Structure formats: C-alpha cells, structure tokens
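Here is a short walk through a protein model, from its cysteines to its cores and pockets. Keep the structure open as you read.

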Amino acid sequence: MDLFMENTDWAKALQPIIDKYKDKKHPLDYKNLYQLVVMVVLSAQDSDAHINKVAPGFFKKYPDMQALSKANTAQLTEILSEVRFHGNKIAWLQEIASVIKEDKNIPKTMKELTAIKGIGRKSANVIMREAGAKAEGILVDLHVVRVAPRIGIAEGKDANKIEKQLMEKLPRKMWGDIGMAISHLGREVCRPTNPKHHECVIKNVCQYCLNKGNTT
C-alpha cells in the first residue's frame, strides 16, 4: 500500500458512498427480523435473488420462529431442496429455532449472535444493522472482499482481516453503514469485470481507478 493510501483520510474519502447508499434497502426482501435471520442463513454461498424467490413459500408455512421450531427435517427439505448446501442450513435453522424459540428472543449483539451455529460475523453484522442495533463490526461480504482492496483501504482476501483493517481506519460512527455501502458499490458499479469507473463516487481517491487512469 503506497504512502498516498496510508495518509488518506478514509472517513472523508468514503463518506460519498454512505451518502449515496445509506437509505438503499438490503437486497434480501425480508419483512421482519425473523425473516431476515432465516434469509441471511439461507443466502450463504447462494444468491440473494434466489433466496428472495424461495422465501415467500417458506414463510407462508413457517411465519415465525415458533412455527419453525416445530418443523422436521423432511418438511424443511421439501421446501428448501433447491437452496445450496440446504442440508447444513436446515440443521442450522433448526438449532436457531430451538435456541431462540420466539421472535422476541432474537439477539442483537455480536457475542450472542455469533454464539449461534450458522451465524458468523458477516451475518451478525447484517442482522444488527437491519435491527438498528449499535454496530460492533463492519459487514464484509464477497463484494466488500473484492472492493475494499481495490479502493486501497484494505489488503488481502480474508473477510475477518479486511473487517479488522476497516475498523482500524474508520470511526465507529461509520461502521453500521459503510459495509453495506461498499457492498452496494460492488454490486452496481465496481463489478468484478468491466467496473463502471465513470459512475464511481469515489473515483478520485480509489487506488484502482487512479491506477487505471479512469478518474474523468
């Protein structure tokens, strides 16, 4: 990482992303916190778009945590068979339902959420953000893993290490929004191939843009 990037005021540099995406809805089309928890678990290594298609039928049968806790593996497999790695995810959902029991008991802290099998830091950060809980970390999904090093604020491909670097360089007040903002940027503008540099609101501070000479 060059000297310019080391001396960058990242809070100021990345504020335009938050300004653009702060009010943009999460790609998972959930209606309440229970639905979000279920969909976050199901979306791991699958697409949000696919889970959005599966979810309505699932929630019609299992509208809350209490209903989910009564479902057996065969019943859940019938409706979730097309979800990637559905076997593991069904087991996780059953454990989550057995531990939480009712929607009102869904935890909103990093420690409590990550103690539940099937919920890692990324999922916990999503749940806490959407629940309006105080951020204890920064969401790092596959888009953030790709985009953050491109920008120049982080290095490597390990999500936990990238999250740590972001937390070190950004003030806590930005933690709740910046991960999702970078993710939206990655989905819409900073695509894996042919990124739309001319549409990027941080092109004048992005290492990738500057190196490519695409700041006009």
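The sulfur of cysteine 209 has its closest cysteine sulfur in cysteine 206, at 4.2 Å, which is too far for a bond. Remember that this model is predicted. The view from cysteine 206 matches: the closest cysteine sulfur is 4.2 Å away, in cysteine 209. A disulfide needs the two sulfur atoms within 2.5 Å, so a pair at 4.2 Å does not qualify. The count of disulfides by this rule is zero. Are these cysteines buried or exposed? Cysteine 206 has 4% relative accessibility and counts as buried. Cysteine 209 has 2%, and is buried too.

Now turn to the cores. In soluble globular proteins, nonpolar side chains tend to be buried together. The largest nonpolar core here holds 38 residues. Within it, Tyr34, Phe58, Leu68 and Ile119 touch the most other members. Seven helices each give two or more residues to this core: H3 (33–43), H4 (48–61), H5 (65–69), H6 (73–80), H7 (86–100), H8 (110–114) and H9 (121–131). Helix H3 gives the largest share, eight residues.

What does tyrosine 34 contact beyond its neighbours within four places in sequence? Its partners are Phe58, Phe59, Tyr62, Pro63, Asp64, Met65, Leu68, Asp103 and Ile106. A second, separate core has 31 residues, including Ile162, Trp175, Val189 and Cys200.

Next, the pockets. The largest has a volume of about 520 Å³. Its lining counts 23 residues, and Ser43, Ala44, Gln45, Lys122 and Asp141 are the closest to the centre. Helices H3, H9, H10 (142–151) and H12 (172–188) each supply at least two lining residues. By class, the lining of this largest pocket has 11 nonpolar, seven polar and five charged residues.

The second largest pocket has a volume of about 160 Å³. Of its 13 lining residues, Lys22, Arg129, Glu130, Gly176 and Asp177 lie nearest the centre. H9 and H12 are the elements that give two or more residues to this lining. H12 gives the largest share, four residues. What is the make-up of this second lining by class? It has 10 charged residues, two polar and one nonpolar.

Technical notes
Residues are numbered from 1 along each chain as its sequence is written. This is a predicted model: local features need pLDDT of at least 70, side-chain atom pairs count only at pLDDT 80 or more; totals for chains, interfaces and linings use all residues. Side-chain values use heavy atoms; hydrogens and water are left out. A nonpolar core is a set of buried Ala, Val, Leu, Ile, Met, Phe, Trp, Tyr and Cys residues joined through side-chain atoms within 4.5 Å. Buried means under 20% relative accessible area, exposed over 50%, partly exposed in between (1.4 Å probe, protein chains only). Contact means heavy atoms within 4.5 Å. On a 1 Å grid over the protein atoms alone, a cavity is a set of points where a 1.4 Å probe fits but cannot get out, and a pocket is an open set with protein on both sides within 12 Å along at least five of seven lines; lining residues have an atom within 4 Å of a point. Grid points are joined across faces, edges and corners, and a volume is the space filled by probe spheres set on the points. Ala, Val, Leu, Ile, Met, Phe, Trp, Tyr, Cys and Pro count as nonpolar, Asp, Glu, Lys and Arg as charged, and the others, Gly among them, as polar.
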